[in-house]
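Hi,

Here is the structure I said I'd pass on. Have a look at it first, and my notes on what turned up are underneath.

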Amino acid sequence: MHIVTAKEMYEIDRFAIEKGGIDGRILMENAGRAIVDQITNLVDNTERILVLVGSGNNGGDGFVIARNLLNKGYEVIVLQLVADEKIKGDAAYHKQLFINFKGKIQLVQEVTVVEQYLSNADVVIDAMLGIGISGEVRQPFKQVIEVVNKLEMLTISVDIPSGVPADEGVANFTAIKADYTFVVELPKLSLYLEYCSPFYGQWRLVEIGLPHTTFSQDNLIETWNQKNVVETLPKRNRYSHKGSHGKGLVIGGSHTMPGSVAMTAKAALRSGSGLITVGTVQEAIPSIASYCMEATYISFLSNEGIITGLPAIDFSSYDALAIGMGMGRSESTASITKKVIVDAKIPILIDADGLQHIKGDLPLIKQRQHPTVLTPHPGEMAMLTGYSVKEILTSPFKVSKQFAREHGVYLILKGVHTIISDPNGRQWVNTTGNAGLAKGGSGDVLSGILLSMMMQNQSLNDALTNGCFIHGASADILVSEQRSKQDLVATDVIDGLTSVFRTLI
Ligand SMILES: NC(=O)C1=CN([C@@H]2O[C@H](COP(=O)(O)OP(=O)(O)OC[C@H]3O[C@@H](n4cnc5c(N)ncnc54)[C@H](O)[C@@H]3O)[C@@H](O)[C@H]2O)[C@H](O)CC1
Ligand SMILES: [K+]
């Protein structure tokens, strides 16, 4: 499903009205009624409802909601926070309908008066500001937002919690902290920004009759969900053999960090790879092999438990490789990473310490004729780009698209909402995963799943989006059935893969 910016949402709206011929007042009616259907599941009609409306169409939705709740026997008051003349067009039409239906509207701009009304209500519907917000929230909205947040009453936002920007790039704002948000037709970008999404509370889309098209193909951002995985993940052929599912190489590990490559290898095997070989230091092989008996091993030259030399490897005998996990950050591991980037004429995934090593070698990556996948978390992304972590979290879509295009890489920016970008600038947001994954080793497991997916018979975009989905889905199933976010560890996520493959896909 497309994720839209405010500009794209307005384009779709304009298309529906101007080319499609649908009346904007009907869209507003549809929005309000669809949201009322949701509200009636949450609130019973003995509760007193206060609807806060602003000057735009978000306020217009508020009038439709108020009228339809009134029709259903709810006690509703609308507090209009702007002067009458500010309410125009479709919103004015629906305001008039509410009046005709004997609805009560109070024009209030004093925050103390708003506070009195709030103290006599059980539920507040926030229809102050929608996707049309620009700049900092002005008065009286700012104070009203602060009062609503302080009271901690059930708060339901229309389309977007008032004050939250629709798009990325705005780091500081004052906004309603909603319990529920009913998002009109398509998800807005800010739903997938970790500093904005908590404001939405629980959210759901409501359909109002708009087409799900976006017009600027340049900016395609989509969610990747179970339906997409089911459609794209290749089925295992009855007549396939181990060679049909990929032969992968994992390079990394050190004497003090054997677990990382062990988890990558095991996760790759548990996600369908045919054969996995681990290239690591001699000292680490016995412990890794006892955990991952299905893999084969290449012993790398080492000194004090750190890889120092790359043996002769025929990279062309592998379908893909992953490098960097637990490798350490020495000069020798840096030069090995560089050599692999140049010599291996196969798809490569670079993670963890490998990412630290490539900062100065990005031109080498651009020259590669085979795909390169980078899997940074925001801290590593900051290291690679020179932006601060805050800047990356404020504009993760823009920063990752720019980077993927500029360096010709597939980029997986890991986070609460992992963003997958391809070298053409297309982007997807993963929809699975939970806070239980914020632990050491999660990234190693993800790398293994991705390596495996890269070797199956699917496009690289599908492989990476499917891999991210499967990783998060394993954690989600575990947390809902046997583990908690507290005790979940990375190896559980490998064990949980079986539930994902058996039940979800
Ligand atoms: N197709 C759709 O998506 C539909 C959406 N609907 C709803 O309409 C809003 C968007 O409406 P719009 O009139 O464009 O903007 P807003 O209501 O969000 O607000 C504009 C309003 O607010 C004033 N304003 C702007 N910035 C600020 C600020 N910083 N502080 C205070 N006031 C501000 C501005 O002057 C305008 O008057 C969308 O979210 C949906 O809820 C339709 O109902 C159905 C179709
Ligand atoms: K709102």
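Asp126 and Val158 are both buried. Keep in mind that this is a predicted model, so treat everything below as a reading of computed coordinates.

Those two residues come up together at the potassium ion (ligand 2), where each of them gives its backbone O. The other donors there are Asn58 through OD1, Leu129 through O, Ile160 through O and Ser162 through OG, and the distances run from 2.6 to 3.1 Å. The angles among the 6 donor atoms go from 66 to 174 degrees, and the site comes out as irregular. If you want to search for the spacing of the donor residues in sequence, it reads N-x67-D-x2-L-x28-V-x1-I-x1-S. Within that set, the pair Asp126 and Val158 links distant parts of the chain: Asp126 belongs to strand S4 (residues 123-127), Val158 belongs to strand S5 (residues 154-158), and 32 residues separate them.

Val158 also turns up in the surroundings of Ile65. Ile65 is part of helix H3 (residues 57-71). Is Ile65 buried or exposed? Its relative accessible area is 0%, under the 20% cut-off, so Ile65 counts as buried. Leaving out residues up to four places away in sequence, Ile65 touches Gly32, Ile35, Val36, Ile39, Ile125 and Val158. Take Ile65 with Val158: they are 93 residues apart in sequence, while their C-alpha atoms are 9.5 Å apart in space.

Next, a few backbone details you may want to look at in the viewer. Gln139 and Pro140 are joined by a cis peptide bond, with omega at about 5 degrees. Pro140 sits in the loop between S4 and helix H6 (141-151).

Then there are two residues with positive phi that are not glycines. Asp159 has phi near 70 degrees and is found in the loop between S5 and strand S6 (180-184). With a relative accessible area of 7%, Asp159 is buried. For Ala352, phi is about 50 degrees, and the residue lies in the loop between strand S14 (348-350) and helix H12 (353-358). Ala352 is buried too, at a relative accessible area of 16%.

Last topic: helix packing. I noted two pairs.

- H2 with H4: helix H2 (residues 24-42) packs on helix H4 (residues 89-100) at about 60 degrees, and the axes are 9 Å apart. That angle makes H2 oblique to H4. The crossing is right-handed. On the H2 side the contact involves Gly24, Arg25, Met28 and Glu29, which meet Asp90, Ala91, Tyr93 and His94 of H4.
- H14 with H16: helix H14 (residues 378-385) and helix H16 (residues 396-407) pack at about 55 degrees, with 12 Å between their axes. So H14 is oblique to H16. Here the crossing is left-handed. Met381, Leu384 and Thr385 of H14 make the contact with Val399, Ser400 and Phe403 of H16.

If you only open one view, I'd go for the potassium ion (ligand 2) with its donors, including Asp126 and Val158, and then step from Val158 across to Ile65, which touches it.

Cheers

Key: Residues are numbered from 1 along each chain as its sequence is written. Chains are lettered from A and ligands numbered from 1 in the order in which they are written. This is a predicted model: local features need pLDDT of at least 70, side-chain atom pairs count only at pLDDT 80 or more; totals for chains, interfaces and linings use all residues. Side-chain values use heavy atoms; hydrogens and water are left out. Donors are N, O and S atoms within 2.8 Å of the metal (3.2 Å for Na, K and Ca); water is not among the atoms, so sites may look incomplete. Four donors count as tetrahedral if all angles lie between 85 and 135 degrees; four count as square planar and six as octahedral if opposite donors are over 155 degrees apart and all others between 65 and 115; anything else is irregular. Helices (H or I, at least four residues) and strands (E, at least two) are DSSP runs, numbered from the N terminus. Buried means under 20% relative accessible area, exposed over 50%, partly exposed in between (1.4 Å probe, protein chains only). Axes are lines fitted to C-alpha atoms, for helices over the stretch in contact, and angles run from 0 to 180 degrees between N-to-C directions. Angles under 35 degrees count as roughly parallel, over 145 as roughly antiparallel, 65 to 115 as roughly perpendicular and the rest as oblique. A crossing is left-handed if the near helix is turned anticlockwise from the far one by less than a right angle, and right-handed if clockwise. Contact means heavy atoms within 4.5 Å.
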